Amino acid sequence: MNPYLVPGLVVVVLVTIAIGVYGLRFARTTSDFLVASRSVSPSWNAAAISGEYLSAASFLGVAGLVLRYGAEVLWYPVGFAAGYLALLLFVAAPLRRSGAFTLPDFCEVRLRSTRLRRLATAFVLFIGALYLLPQLQGAGLTFATVTGGSYAWGALLVGIVVTANVAFGGMRAITFVQAFQYWLKLTALAVPILFLIFQWQSDGRPAVTPPAGAVFHAATSVVFEKDAVLDGVGPVHAGETVHFAAGDPVPKVSTVDATFGADWLQPGGESGLFGTYSLILATFLGTMGLPHVLVRFYTNPDGASARRTTLVVLAMVGLFYLLPTLYGVLGRIYTPQLLMTGRTDAVVLLLPEAALGGGHLGRLLGALVTAGALAAFLSTSSGLLTSIAGVIFTDVLPPGRSGSVRDFRVATVLAAGVPTTMAVFVSDMDVSRVVGLAFAVAASSFCPLLVLGIWWRKLTDAGAIAGILVGGGSAVVAVFVTVLGADLPSNLAEFVAQPAAWTVPLAFFVMVVVSLLTSRRVPADVGATMLRLHAPESLRS
């Protein structure tokens, strides 16, 4: 085992806890715990947003998808980054001016409906848990991959550290933690990629082959975790090692559960044109519906600061996404065995040692990217847990109890319990796919609500409820069908696996039609509310 791994992981955990303890000095009121008393500067907030947004799907999943499918999946990082453009144009400043603490708060401020608030609460909890689960899974995968230890211990470790940080420091402490972790993640990818590119050049710039033509760059031994059948080799048993020489093609591998390898990989990824457009729509519009992203805009002092924050985030996130793509490309050369096992999400973790050898440099860089991966799980999990705990604190706990810092800590423990328990027992879900489904649910529920609620004065509570139930509910059903692996006809399966292309327009359509049919339910003070959302603070004062 890499001797630098455990010290690197321990340092990241200890620094995270230390920064959280430092932030605890400034967290005294419930406003500190929920929105950092709305006093976070644009630069700090941008780093914190970038830190929590660049999740396991960004750090591990994007590189794995590029390794597996090639350039056709670059829409993932493009959509993830471009989503902030929609936030900048349509949501950031008005959302901050609403004065709300959470998304359910905004629903009541805009449409004066407790029923809508309860529905929004349910969707926040579902989206947050759906997004938090793959972060904890990624932590378990990283722990098991690089240390050979138990998957469950990795997931449990991150769950405990994040819960403690959020419970004792709230939004104020998490802001400092996430800002630090963004720069750690950027460094953890940027420094090794320089050495990897130099190594690629010194090797004579070997060609980056498409998956269907992938070959082993060097002699490689592959240990199989399950019984399998290899084209050209024959059956192998669990625990058996198969040796490949340099230049050997990557074979097709069949197991009881799935088929992997070069012949299995098709250009365009898992879906055709419909799936690609649906993915773009989900990532582009889903960003503005993610609870842990939106809650960050409540921490800015005013609407202008929220806009500046979003602009800086666009630059920071765009810079980061250049790096995982390079890891996926170089993984085709130095870690093609991952195409055989299906564990392509581990390419970022294994590439430095595979390309640079088992010397001190390869091991040090391997430890660095592993530390960055841990930072990705910690930062995103912290943001998600803060947003879920805030909603439980304001909308789920009994009204007579809500209001104290102690109750926020109780809400944090409750928010962490279910996702952490699920992550310990569920280890084989595709990280990027689950995150993509979370984006689809967010795009089909909160995106239409925010866009119409901010820019269309005729929206009613009945229209919003109907749109969320029909559009968001359809996306939720698609999530369950996909995750449970239901056997569907190929045409229907594509519509269900990437539902945003039809659930988002459906949600907008239903909201508009039902609002027009229930025009008497438009709040009487809608004019004052819209002025509050759109008038600059200097004009209002």
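The protein chain contains 21 helices and six strands, where helices (H or I, at least four residues) and strands (E, at least two) are DSSP runs numbered from the N terminus. The radius of gyration of the chain is 23 Å, close to the 24 Å that the globule rule gives for 541 residues, so the chain is as compact as a globular protein of that length; the radius is taken over C-alpha atoms, and the rule is 2.2 Å times the number of residues to the power 0.38. The model is a predicted one, in which local features need pLDDT of at least 70 and side-chain atom pairs count only at pLDDT 80 or more, whereas totals for chains, interfaces and linings use all residues. Residues are numbered from 1 along each chain as its sequence is written, and side-chain values use heavy atoms, with hydrogens and water left out.

Along its principal axes, the C-alpha trace of the protein chain spans about 75 × 55 × 40 Å. The accessible surface comes to about 20400 Å², and 67% of this area belongs to carbon and sulfur atoms, the areas being computed by the Shrake-Rupley method with a 1.4 Å probe and, for residues, with only the protein chains shown counting as cover. Of the 541 residues, 57% count as buried, a class defined by under 20% relative accessible area, with exposed meaning over 50% and partly exposed in between (1.4 Å probe, protein chains only). Among contacts with a separation of 6 or more, 82% are between residues 24 or more positions apart, contact meaning heavy atoms within 4.5 Å.

One example of residues far apart in sequence involves Val13, which is found in helix 1 (residues 5-24) and is buried, with a relative accessible area of 12%. Although Val13 and Ala375 are separated by 362 residues in sequence, their C-alpha atoms lie 8.4 Å apart in space. When residues up to four places away in sequence are not counted, Val13 touches Val161 and Leu374.

A search of the whole structure finds five salt bridges, each defined as a side-chain nitrogen of Lys or Arg within 4 Å of a carboxyl oxygen of Asp or Glu. Asp105, Glu108, Arg117 and Asp395 are linked in a network of such bridges. Within this network, the side chain of Arg117 meets that of Glu108 at 2.8 Å, N to O, and the side chains of Arg117 and Asp395 form a salt bridge at 2.3 Å, N to O. Arg117 lies in helix 7 (residues 114-147) and Asp395 in helix 14 (residues 360-396), so this pair ties together parts that are 278 residues apart in sequence. Arg117 is buried, with a relative accessible area of 14%, whereas Glu108 is partly exposed at 26% and Asp395 is partly exposed at 25%.

A further salt bridge joins Asp461 to Arg521, with the closest N and O atoms 2.8 Å apart. This pair links distant parts of the chain, 60 residues apart, as Asp461 is in helix 17 (residues 461-484) and Arg521 is in the loop between helix 19 (500-517) and helix 20 (526-534). Asp461 is buried at 6% relative accessibility, while Arg521 is partly exposed at 41%.

Among the strands, strand 1 (residues 220-223) has side chains that alternate: Thr220 and Val222 point to one face and are buried, whereas Ser221 and Val223 point to the other and are not. Strand 1 runs antiparallel to strand 4 (residues 241-244), to which four bridges join it, two strands being taken as paired if DSSP finds at least two bridges between them. The bridge partner of Ser221 in strand 4 is His243.
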